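Dear colleague,

I am handing over the structure shown below. Kindly look through it before reading the notes that follow.

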Amino acid sequence: MFLPVAQGALWWPGQRMLVVSDLHLEKGSNFASRGQLLPPYDTQATLTAVESLVDVFNPETVVSLGDSFHDPQAEFRLGAEAVSRIRRLTSRVEWFWVEGNHDPEPPAHLGGIGANKLERGNIVFRHEPTGAPGEIAGHLHPVARIGGRGRALRRKCFVTDGASLVLPSLGAFTGGLNVLDAAIATLFRDGAMVFATNGTRVHHIERKRLRPDRFGL
């Protein structure tokens with residue numbers, strides 16, 4: 001049994017495994033290099049979230065499902081404190097960096113094990129979802145726009161049909177793709193369950209409450 005965690009991670013008690021996805025470390029500095037100034041605190045905030053999860057669950061294994069770093073040069077923009085924090089994490093547990101489209105070769109000097117995908121029993125962990133049974137993936141940053149009481153809220157969410165699952169992004173500066181978008185909907189042709197998180201709780205969202213994104217709203 002897998003348990004969705006309010007912070008946007010997935011916990012597998014039977015394997016004492018914590019799964020996170022799409023950290024996008026150093027996204028802020030990437031945007032800054034192109035003149036789009038963002039507060040330079042995303043990496044620290046994201047690492048704090050991961051450290052908190054590791055403290056709470058005390059996992060034996062952590063799997064980061066790709067796009068852990070926002071681009072191949074991100075490792076060179078990490079500050080000394082961030083490097084130290086990452087190394088402490090990767091030395092504390094069995095840590096797997098699953099390759100993503102942003103980071104095909106996770107930095108070896110930060111510790112952990114790089115893998116194109118990871119298999120545990122009949123479960124496959126990969127970055128880009130295919131919809132195959134037994135698959136746990138990320139990449140799409142699913143979010144639910146939830147209607148009710150005259151307004152709509154947008155929340156990160158888990159999407160699953162009971163056979164495969166897509167995690168939300170954990171990164172501080174990551175956006176999201178509406179679960180009603182074809183890129184997500186076509187993965188779950190027989191319908192999917194949506195579990196949205198507000199950061200403190202995870203709630204099942206009935207499909208009739210889901211709304212498409214609209215410009216200006």
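The buried residues of helix α4 are covered by elements that include α2 (42-57) and β5 (94-98), where contact means heavy atoms within 4.5 Å. Helices (H or I, at least four residues) and strands (E, at least two) are DSSP runs, numbered from the N terminus.

This is a predicted model: local features need pLDDT of at least 70, side-chain atom pairs count only at pLDDT 80 or more, and totals for chains, interfaces and linings use all residues. Residues are numbered from 1 along each chain as its sequence is written, and side-chain values use heavy atoms, with hydrogens and water left out.

Helix α4

The residues of α4 that are buried (under 20% relative accessible area, 1.4 Å probe, protein chains only) are Ala-82, Val-83, Arg-85, Ile-86, Leu-89 and Thr-90. Seen down the axis of α4, these buried residues fall within an arc of 165 degrees, so they line one face of the helix; the arc is that of the directions from the helix axis to the C-beta atoms. On the other side of α4, Ala-80, Glu-81 and Ser-91 are exposed, that is, over 50%, with partly exposed in between.

Strands around β14

Two strands pair if DSSP finds at least two bridges between them. Strand β14 (residues 193-197) is joined to β11 (residues 151-160) by 4 bridges, and the two run antiparallel; Cys-157 has Ala-196 as its bridge partner. β14 also pairs with β15 (residues 202-205) in the antiparallel sense over 4 bridges, and Val-194 stands opposite Ile-205.

Yours faithfully
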